[in-house]
Amino acid sequence: MRVLLVTLAVLTLGAATLNTLNVFFVSENLHADARWFGTIGMGEGVGAVVGALAAGRLCRRFRDVTVFGVGLTLVGVGLVVYARIGTLWAAVLVIALVGVPLGAINSAISPIVLRATPREYIGRAISTFGPVQQLASMVSAIGAGWLVSTVWRDFDHVVAGVTFGRIDTVYLIGGVAIVISGVFATSALRGPGATRLADAAVADETVGAD
């Protein structure tokens, strides 16, 4: 549960920057009219639906803890790639691909929580996720908005021939943080706790078969 809370908070911190800054990213980095902003959300939504539909099969084949950890890592990598995109339709494609593991993550969380939590505490455990994610989202929105409008308002640097602006740099930082949290989750959920989760899953399948 601690691993889930920490990694989901990091995921929300990174992903929430999209909701805060994407309208500016469309005009400044993608060089498109702001009216195309909704197209980015459409791409993410389509990818999330595909990921959610595929999550059941993926969880049965690879275990839900693996889907969760690897999915987090892929979301982070996708956000890093998205930060470097310079055209609208390439951005729509990339954000749709990011939505696939994001949808799978959302579907994989519930069975992990249900197995990791004693039955009498399930309600309390689930109720903690909402406030944690809302707080992380609020902190991300305030922090990202303040950063790009004050300290990094005129941020524009070239490193090794690559140009970094104020918004794409925030996305890069968020993406790298999510990648790190994904690697951490993949490693942590393979420990003794993950073994117990796997045993519980086998027991559940056996009971269901009986």
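## Starting on helix H1

Let's begin with one residue: Val10 has a relative accessible area of 21%, so Val10 counts as partly exposed, a class that begins where buried (under 20%) ends. Val10 belongs to helix H1. Please keep in mind as you read that this is a predicted model.

Now look for Leu72 as well. Along the sequence, Val10 and Leu72 are 62 residues apart, yet in space their C-alpha atoms are 9.8 Å apart.

## A nonpolar patch on the surface

Stay on helix H1, which covers residues 2-28, and find Leu13 there. Its relative accessibility is 35%, so Leu13 is partly exposed. Which residues join Leu13 in a nonpolar surface patch? The partners are Leu135, Met138, Val139 and Ile142, and the patch has an area of about 460 Å².

Which helix gives the most to this patch? The answer is helix H5, residues 122-149, with four residues.

## A small hairpin

Next, turn to the strands. Strand S1 takes in residues 156-159 and strand S2 residues 162-165; the two run antiparallel and are joined by four bridges. Together S1 and S2 make a hairpin, with two residues between them. In the turn you will find Ala160, whose phi is positive, at about 55 degrees.

You can trace some of the bridge partners yourself. Val158 is matched with Thr163 in S2, while His157 has Phe164 in S2 as its partner. As you look at the side chains, a general point may help: in a regular strand they alternate between the two faces of the sheet.

## Rings that meet

How many aromatic pairs does the model hold? The count is five. To describe such a pair, one gives the distance of the ring centres and the angle of the planes. For Trp36 and Trp89, the centres are 5.7 Å apart and the planes stand at 70 degrees; since an angle over 60 degrees counts as edge-to-face, that is the name for this pair. Trp36 sits in the loop between H1 and helix H2 (37-62), and Trp89 sits in helix H4 (residues 88-116), so the pair ties together parts that are 53 residues apart in sequence.

Are these two rings' residues buried or exposed? Trp36 is partly exposed, because its relative accessible area is 30%. Trp89 reaches 55%, so Trp89 counts as exposed, which takes a value over 50%. Elsewhere, one aromatic cluster is formed by Phe25, Tyr82 and Tyr171.

## Salt bridges across the chain

The model has three salt bridges. One of them is between the side chains of Arg166 and Glu28, with 2.4 Å from N to O. This pair links distant parts of the chain, as Arg166 is in helix H6 (residues 166-188) and Glu28 in helix H1, 138 residues apart. Arg166 counts as buried because its relative accessibility is 18%, whereas Glu28, at 35%, is partly exposed.

Another salt bridge joins the side chains of Arg115 and Asp64, at 2.8 Å from N to O. Here too, distant parts are linked: Arg115 lies in helix H4 and Asp64 in helix H3 (residues 64-83), 51 residues apart. With a relative accessibility of 22%, Arg115 is partly exposed. Asp64 has a relative accessible area of 7%, so Asp64 is buried.

## Arg84 and its two contacts

Which residue forms a salt bridge with Arg84? The partner is Asp168, and the closest N and O atoms are 3.0 Å apart. Asp168 belongs to helix H6 and Arg84 to the loop between H3 and H4, so this pair links distant parts of the chain, 84 residues apart. Asp168 is buried, because its relative accessible area is 4%. Arg84 has a relative accessibility of 37%, so Arg84 counts as partly exposed.

Arg84 also has an aromatic contact. Its charged end sits over the ring of Phe164, 4.9 Å from the ring centre. You have met Phe164 before: this residue of S2 is the bridge partner of His157.

Key. Residues are numbered from 1 along each chain as its sequence is written. This is a predicted model: local features need pLDDT of at least 70, side-chain atom pairs count only at pLDDT 80 or more; totals for chains, interfaces and linings use all residues. Side-chain values use heavy atoms; hydrogens and water are left out. Patches are made of residues with over 30% relative accessible area and no salt bridge: like charges are joined within 9 Å, nonpolar side chains (Val, Leu, Ile, Met, Phe, Trp, Tyr) within 5 Å. Accessible areas come from the Shrake-Rupley method with a 1.4 Å probe; for residues, only the protein chains shown count as cover. A salt bridge is a side-chain nitrogen of Lys or Arg within 4 Å of a carboxyl oxygen of Asp or Glu. Buried means under 20% relative accessible area, exposed over 50%, partly exposed in between (1.4 Å probe, protein chains only). Two strands pair if DSSP finds at least two bridges between them. Rings of Phe, Tyr and Trp (its six-membered ring) pair if their centres lie within 6.5 Å; planes under 30 degrees apart count as stacked, over 60 as edge-to-face and the rest as tilted. A charge sits over a ring if NZ of Lys or CZ of Arg is within 6 Å of the ring centre and within 35 degrees of the ring normal.
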